[in-house]
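This briefing sets out selected features of one structure, grouped by topic. Please read it alongside the sequence and the coordinates.

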Amino acid sequence: VAAFSIGRQQFVLLSAPDDIRDLLVTRGRDVRKGIGLERARLLLGNGLLTSEGEFHLRQRRLAQPAFHRERIAGYARIMHEYAARTASTWRDGETVDLSRAVTALTLAIAGKTLFDADVTGDTVAIGAALSDGLRVFRLASLPFGDRLIRLPLPGVLRFHRARATLDTIVYRLIAEQRTRREDRGDLLSMLLLAQDTAGDGTGMTDEQLRDEVLTLLLAGHETTANGVTWALWLLAQNPEAQERLLSELHAFGTDGPGAEHVEQLPFTRAVFAEALRLYPPAWIIGRRAAVPYTVGGRTLAAGTLLLASQWVVHRDPRWWPEAERFRPERWLDTAAAGARPRFAYFPFGAGTRVCIGEQFAWMEGVLLLAALATRWRFTIATGAPVAPRPRITLRPAGPVRVVVRATTPH
Ligand code: HEM
């Protein structure tokens, strides 16, 4: 337990897995979401990620059926098909910016699976608006940030434009669905239905619907894109792991596994798990104590910010031998996995606020890696150091350039 303060705000960083379990699960009722997400409200409003209490529980119940196992299995075909299509646009020897390519891919998949909409034409606009939208958080984090973001500064104006662009796209998605007037069981039609039964005033307002759609669109693609990008980047630096991956994939023939084989790819899954360990897209979770909170023998005042960082715990040598090394095979060692504390690894959080998209993300991560790595070997393009940049998610600080080479002549 490490305590520090910035201004008058007390922070405590927890790094023992048991303390993290208490924070997220056992004592989940004694805390609220932390400061980062309070700021995310500027962009996302009051959606699943940012809402609290009873209201959050209700929204979560409404959205949950879209994430049931059978439904996610139905998304697999789309994930595989879209990834194979991206793989088929690359040319032998070409330099590809993985970050850009994979983000466009996951955004298109989120649009299609969650909202049954084709957002491929909007990916550039959404990507740019998202970057501008997120940039304002840096400003908001400065001293007097809450006042700065009310001034007509260039960054603030860009933020408002970004928000307006995203609103236009999201309200269009909603309007398109509404004209179809049928429940096809996708997330948006379910949310719309909940709104349509609003007679008693408990349904969703247009604004609420906008907040949920935008939250899922953003939370549902940016994180997975970063996970897959880091995984391919790590593979590019580890030819042995890449060969092992390829032999798992080519065991299904040179076209590789299909969506139906997703459960039969232990090494591919291990590659994704290891990427989420070393470069956790959600790199820190914050909570504010709602009541006095005892941890490590100390009682902290209500209001203290409690932090648990995946970045720190996932690299702790107490739980991870050769912690800094990319070693996907560690995930195949069930004895070692059994000996590790459960909360030495928590890329998706836990408890009532656990990621609603966790199964979706595993499915997508594995299928995207499989489809891309079946056709292409990746090597780092020269002169391209890539550092992680901790924003709301752990994004690469710049383009992630790799050279792609065909695994078999096509
Ligand atoms: C590798 C990919 C992903 C990672 C690492 C990730 C990580 C996380 C984490 C750590 C949280 C909890 C935050 C907290 O407790 O403060 C979270 C929440 C959430 N995630 Fe994900 N996520 C991923 C993919 C997805 C996907 C694919 C979706 C939707 C399709 C999604 C939607 C959400 C939502 C809506 C929440 C808020 C849940 C709630 O509070 O009820 N995420 N995610």
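Strands E1 (residues 2-6) and E2 (residues 9-14) run antiparallel and are joined by 5 bridges. This is a predicted model, in which local features need pLDDT of at least 70 and side-chain atom pairs count only at pLDDT 80 or more, whereas totals for chains, interfaces and linings use all residues. Residues are numbered from 1 along each chain as its sequence is written, and side-chain values use heavy atoms, with hydrogens and water left out.

**Strand pairing**

- Two strands are taken to pair if DSSP finds at least two bridges between them; helices (H or I, at least four residues) and strands (E, at least two) are DSSP runs numbered from the N terminus.
- Within the E1 and E2 pairing, Ala2 has Leu13 of E2 as its bridge partner.
- E1 and E2 form a hairpin with 2 residues between them, and Gly7 in the turn has a positive phi of about 60°.
- E2 is also joined to strand E8 (residues 305-308), by 4 bridges, and these two strands run parallel.
- Leu14 stands opposite Ala308 of E8.

**Ligand and iron site**

- Cys355, through SG at 2.3 Å, is the only protein donor of the iron atom of the ligand; donors are N, O and S atoms within 2.8 Å of the metal (3.2 Å for Na, K and Ca), and because water is not among the atoms, sites may look incomplete.
- Cys355 is placed in the loop between helix H15 (334-339) and helix H16 (358-375).
- The ligand is surrounded by 29 residues, of which His56, Arg60, Arg287, Arg353 and Cys355 come nearest; a residue counts as near if one of its heavy atoms lies within 4 Å.
- Two arginines each place a polar side-chain atom by an oxygen atom of the ligand: Arg60 at 2.7 Å and Arg353 at 2.8 Å.
- A polar backbone atom of Ala219 is 3.5 Å from a nitrogen atom of the ligand; a polar contact is a pair of N or O atoms within 3.5 Å.
- At least two shell residues come from each of helix H3 (53-63), helix H10 (206-219), helix H11 (222-237), strand E5 (285-289) and H16.
- The shell comprises 18 nonpolar, 7 polar and 4 charged residues, where Ala, Val, Leu, Ile, Met, Phe, Trp, Tyr, Cys and Pro count as nonpolar, Asp, Glu, Lys and Arg as charged, and the others, Gly among them, as polar.

**Cavity**

- On a 1 Å grid over the protein atoms alone, a cavity is a set of points where a 1.4 Å probe fits but cannot get out, while a pocket is an open set with protein on both sides within 12 Å along at least five of seven lines; lining residues have an atom within 4 Å of a point.
- The structure holds 1 cavity of 30 Å³ or more, and the largest cavity has about 40 Å³ of space; a volume is the space filled by probe spheres set on the points, which are joined across faces, edges and corners.
- Its lining consists of Gln242, Leu245, Leu246, Leu249, Ala373, Trp376, Arg377 and Thr407.
- Helix H12 (239-250) and strand E9 (376-380) are the elements that give two or more residues to this lining, and H12 provides the largest share, 4 residues.

**Second largest pocket**

- The second largest pocket has a volume of about 720 Å³.
- Of its 23 lining residues, Ser99, Thr103, Gly127, Ser131 and Arg395 lie nearest its centre.
- H6 supplies the largest share of this lining, 8 residues.
- By class, the lining of this pocket has 8 nonpolar, 7 polar and 8 charged residues.

Terms used. A polar contact is a pair of N or O atoms within 3.5 Å; within protein, one must be able to donate a hydrogen and the other to accept it, and residues adjacent in sequence count only if both atoms are side-chain atoms.
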